[in-house]
Amino acid sequence: MSRKGQHVVPSEDGWSVRKAGASKASSTHASQEEAIAAATTIARNQRTELYIHGRDGRIRERNSYGTDRYPPKG
């Protein structure tokens, strides 16, 4: 998890929300849906990215709640 923002990742107890680079989870939830809702709230408040990982640990979806430029440069 090297990218800045909030990550929804699988854990032993269900699904966890982790800040990038943190060793401990911010919160743990029974379902991925609950974890995504919690992570979305944090990402909006902090104006960061939200990364949703699949059961295999790979990023399957990404949402930006930061100050991205539209249209993107380049």
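## Strand β3 and residue H29

Strand β3 covers residues 27–29, and H29 belongs to this strand. The description that follows concerns a predicted model, and it starts from this residue before widening to the sheet, the helix and the core. H29 counts as buried because its relative accessible area is 17%, which falls under the limit of 20% used for that class.

The side chain of H29 makes a polar contact with the side chain of S27, at 2.8 Å. When neighbours within four places in sequence are set aside, the residues in contact with H29 are D13, G14, W15, V17, E34, A35 and A38. Of these, W15 and V17 fall within the range of β2 (14–19), while A35 falls within that of α1 (32–46).

## Overall make-up

The protein has 74 residues, of which 28% count as buried, and its secondary structure comprises one helix and five strands. Taken in sequence order, these elements give the pattern β-β-β-α-β-β. The exposed surface amounts to about 5,300 Å², with carbon and sulfur atoms supplying 44% of it. Among contacts between residues at least 6 apart in sequence, 29% join residues that are at least 24 apart.

## The sheet

The five strands form an open sheet with mixed pairing, and their order across the sheet is β3-β2-β1-β4-β5. Because β3 and β5 (59–64) stand at the edges with a single partner strand each, one side of each is left without a neighbour in the sheet. On average, and with direction ignored, neighbouring strands of this sheet are turned by 20° against each other.

Both senses of pairing can be followed through β4. With β1 (residues 6–11), β4 pairs in the parallel sense over three bridges, and Q6 stands opposite L50 of β4. With β5, β4 pairs in the antiparallel sense over five bridges, and here L50 stands opposite N63 of β5. The β4 and β5 strands form a hairpin with five residues between them, and G57 in the turn has a positive phi of about 90°.

## The helix and the loop after it

Helix α1 lies across β1, β2, β3, β4 and β5, and runs at about 160° to β1. In the loop between α1 and β4 one finds R47, whose phi is near 55°, a positive value in a residue other than glycine. R47 is classed as exposed because its relative accessible area is 54%, which lies over the 50% limit for that class.

## The nonpolar core

Eight residues make up the largest nonpolar core, namely V8, W15, V17, A35, A39, A43, L50 and I52. At least two residues of this core come from each of β2 (14–19), α1 (32–46) and β4 (49–53), and α1 gives the most, with three residues.

A35 shows how parts of this core are linked to the edge strand described at the start: residues up to four places away in sequence not being counted, A35 touches V8, W15, V17 and H29. Three of those partners, V8, W15 and V17, are themselves listed in the core, whereas H29 lies in strand β3. L50 likewise has a place in two parts of this account, being listed in the core and standing opposite Q6 as well as N63 of β5.

Definitions and conventions. Residues are numbered from 1 along each chain as its sequence is written. This is a predicted model: local features need pLDDT of at least 70, side-chain atom pairs count only at pLDDT 80 or more; totals for chains, interfaces and linings use all residues. Side-chain values use heavy atoms; hydrogens and water are left out. A nonpolar core is a set of buried Ala, Val, Leu, Ile, Met, Phe, Trp, Tyr and Cys residues joined through side-chain atoms within 4.5 Å. Buried means under 20% relative accessible area, exposed over 50%, partly exposed in between (1.4 Å probe, protein chains only). Helices (H or I, at least four residues) and strands (E, at least two) are DSSP runs, numbered from the N terminus. Contact means heavy atoms within 4.5 Å. A polar contact is a pair of N or O atoms within 3.5 Å; within protein, one must be able to donate a hydrogen and the other to accept it, and residues adjacent in sequence count only if both atoms are side-chain atoms. Accessible areas come from the Shrake-Rupley method with a 1.4 Å probe; for residues, only the protein chains shown count as cover. Two strands pair if DSSP finds at least two bridges between them. Axes are lines fitted to C-alpha atoms, for helices over the stretch in contact, and angles run from 0 to 180 degrees between N-to-C directions.
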